[in-house]
Each structure stands twice: as C-alpha cells, then as structure tokens.
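Let us go through this structure from the contacts of the bound ligand outward to the space that holds it.

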Amino acid sequence: MKIFLDTANIDEIRQAASLGVLDGVTTNPSLMAREDGSDYDETLKEICDIVHGPVSAEVVADDSEEMIRQGRAFAKLSEHIVVKIPLIPEGIKAVKVLSAEEIKTNVTLCFSANQGLVAAKAGATYISPFVGRLDDAGMDGMQVVADLVEIYERYAFSTQVLAASIRHPMHVVESARLGADVATMPYKIFMQLFKHPLTDVGIELFNRDWAKVVERRKAHVRR
Ligand code: E4P
C-alpha cells in the first residue's frame, strides 16, 4: 500500500520524505488555506519537487468546464500533478474529459460505493473515500473502502482506492488489510506509524546494556 501525506505544509512534507517511505501527497483547499501567504501554484511545484510522486491539487468550481480548465492548468505545473475533483455529476464529466487527455485524476469527497462506481467508469486514476468523516457521521467508513476494493477487483477497474480522511493509525492498518492501494494521512499519523512504546523501552534497555559492555572493555584495557 502506498503512503501519502495529507498536507500542504512544506516542512512536514520534507520531514516525511526524508524518511524514504513517502509515496505522494494530497492537498485540498482547506489544507492550502492553513499555509497562508503562499502562492498556490508555487507551493504545488515545490511539493512535487520534494516528493517526486503523485501530488493531488484540487479544483474549486461548480461546472465541468471550469474544472477542466483548472485541471489542465494544474497538470502543466508538473508531471506529478493529479487533479483532484469533487464527486458531483459535473465533476465526473470533467474526469471523463481529463482522463481522455491522460491527465491523472483523484475523485474526492466520496462517501458511497455507488459514487466510487461512477468515478471508476469515468476513468478516475484514484477514488478517495472519506473514512473519518463517515465515521464521524456514525457510519462505517471502512465499509466503503472494502466495497470499492471488491467492486474494482471484480470488474477489473484500474482506479486505485485511496483511503482518505484518516483519523488514527488503526485506519491505516484497516486500509492495508482491506487492500486499499493508498492511504493518505496527516503528518501526525504518519509519524505514529513508526512508533511503539515497547520499541522505545527496548532501545533504552539495549543502550543501557551496551554501556555496561563498553565499561567492561575499558576496565579490561586498563588491567
Ligand atoms: C483527502 O484527500 C482529503 O484531503 C482529506 O483526507 C480530508 O480529510 P479530513 O476529513 O480530515 O479533512
């Protein structure tokens, strides 16, 4: 499963990329708004240069023509750009056109398997079921991931399931168990993937014991 970071923060992306296991980045207008002062296109280009993998840039429009226009402009910024398009009928129309032009798309704000089905039929590169927001609304977000993995496999759709709106590390485990192609997550959760309290306790113990070995060696040399 590929691991994407769900942020537009350059420092976070740099830190995560330096660890060598980051595959891509997803942004959205809310994440961009948190990084105030920065130029949208420049930020996207910088992210692409750091990640060298898929970077989702979201269009903001109600009609397909404007979405297509924005999508084409994003696609010119870098070969890594994936145009993120909301799952509404006009959005699906835009996906169909952009896919035919071989522009990669990530259909966002997906909350049901039927929505994911139409996105795949339009040729979306990625579908983003919003797991956390469904859970927040008292529904089972992971069920949509499971349904989409099964449906896409059954009909050999090439659309990749990108588990989004991840809220905690167990969402990542569940996404991987279900066969999601990608999970995108905030930096905090990305870092939690590396952590376990027993790893820290184990390192402390090894360091303490190794210090004893060093002391013993020193004593041996002195003798
Ligand atoms: C996906 O690409 C979205 O940017 C993101 O996962 C939304 O997550 P949120 O529900 O935490 O805003």
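In this predicted model, a polar side-chain atom of D6 is placed 2.7 Å from an oxygen atom of the ligand. K84 also brings a polar side-chain atom to 2.7 Å from an oxygen atom of the ligand, and for R167 the corresponding distance, again from a polar side-chain atom to a ligand oxygen, is 2.8 Å. Of the 350 Å² of accessible area that the ligand has on its own, the protein covers 86%.

These three residues belong to a shell around the ligand that also includes T26, N28, F130, R133, A164 and S165. Sorted by class, this shell consists of four charged, three polar and two nonpolar residues.

From the shell we can turn to the space itself, since the ligand takes up the space of the largest pocket. That pocket holds about 400 Å³ of space, and among the 26 residues that line it, those closest to its centre are D6, N28, L31, R34 and P186. D6 and N28 are thus found both in the shell around the ligand and in this central group of the lining.

Which elements supply at least two residues each of the lining of the largest pocket? They are the helix α2, spanning 29-34, the strand β5, spanning 105-110, and the helix α10, spanning 187-192. Of the contributions to this lining, that of α2 is the most, at three residues. Taken by class, the lining of the largest pocket comprises 10 polar residues, together with eight nonpolar and eight charged ones.

Technical notes:
Residues numbered from 1 in each chain as written. Predicted model: local features only at pLDDT ≥ 70, side-chain atom pairs only at ≥ 80, totals over all residues. Heavy atoms only, no water. Near = heavy atom within 4 Å. Polar contact = N/O pair within 3.5 Å; in protein donor to acceptor, adjacent residues only side chain to side chain. Areas by Shrake-Rupley, 256 points an atom, 1.4 Å probe, with all protein chains shown as cover. 1 Å grid on protein atoms, 1.4 Å probe; cavity = no way out; pocket = protein on both sides within 12 Å on 5 of 7 lines; lining within 4 Å. Sits in = over half its atoms within 2 Å of the grid points. Nonpolar A, V, L, I, M, F, W, Y, C, P; charged D, E, K, R; others polar. Points joined across faces, edges and corners; volume = space filled by probe spheres on them. Helix = DSSP H or I, 4+ residues; strand = E, 2+ residues; numbered from the N terminus.
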